[in-house]
Amino acid sequence: MSDINISIIDRAGVTHSIVAPTDMSMNLMEIIRSYELAEEGTIGVCGGMAMCASCQVYVLEGAEKLHSMEDEEDAMLAEAYHVKDNSRLGCQIHITEELEGLAVEIAPYP
């Protein structure tokens, strides 16, 4: 396996080109936290259990590469703030080689 390139726009509007490992079973929320792209305590509040939506992102490119949304993610987004048609939870996006070129924007924190 290899690393992939992901583009992430933080909450200040700054674009970051990130190299993400595909061999560590990480999800997008963990990548955002490890690169400190969101203020501590404002992302992954529930620990990645799809129970808080603090890791909500807007998928700008590569949506077709993502797996279908599960019921838990859909239910959480139905209750979240700032939801758009391209919203997904970062904790539910697992980093795989297929996601090369993914581009997302971190949603505002409530």
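## Sheet and core: worked exercises

Five strands, in the order β2-β1-β5-β3-β4, form an open sheet with mixed pairing. Strands pair if DSSP finds at least two bridges between them. Strands (E, at least two residues) and helices (H or I, at least four) are DSSP runs, numbered from the N terminus.

This is a predicted model: local features need pLDDT of at least 70, side-chain atom pairs count only at pLDDT 80 or more, and totals for chains, interfaces and linings use all residues. Residues are numbered from 1 along each chain as its sequence is written, and side-chain values use heavy atoms, with hydrogens and water left out.

**Exercise 1.** Find the edge strands of the sheet.

*Solution.* Look for strands that pair on one side only. These are β2 and β4 (87-89). Next, take the twist: it averages 40 degrees from one strand to the next. Axes are lines fitted to C-alpha atoms, for helices over the stretch in contact; angles run from 0 to 180 degrees between N-to-C directions.

**Exercise 2.** Describe how β3 and β5 are joined.

*Solution.* Start with direction: the two run antiparallel. Then count: 4 bridges join them. Now pick Glu61; its bridge partner in β5 is Ala103.

**Exercise 3.** Place α2 against the sheet.

*Solution.* α2 lies across β3 and β4. Its angle to β4 is about 120 degrees.

**Exercise 4.** List what Leu102 touches, leaving aside neighbours within four places in sequence.

*Solution.* Contact means heavy atoms within 4.5 Å. Leu102 is in contact with Asn5, Ile6, Ser7, Val59, Glu61, Gly62, Leu66 and Ile93.
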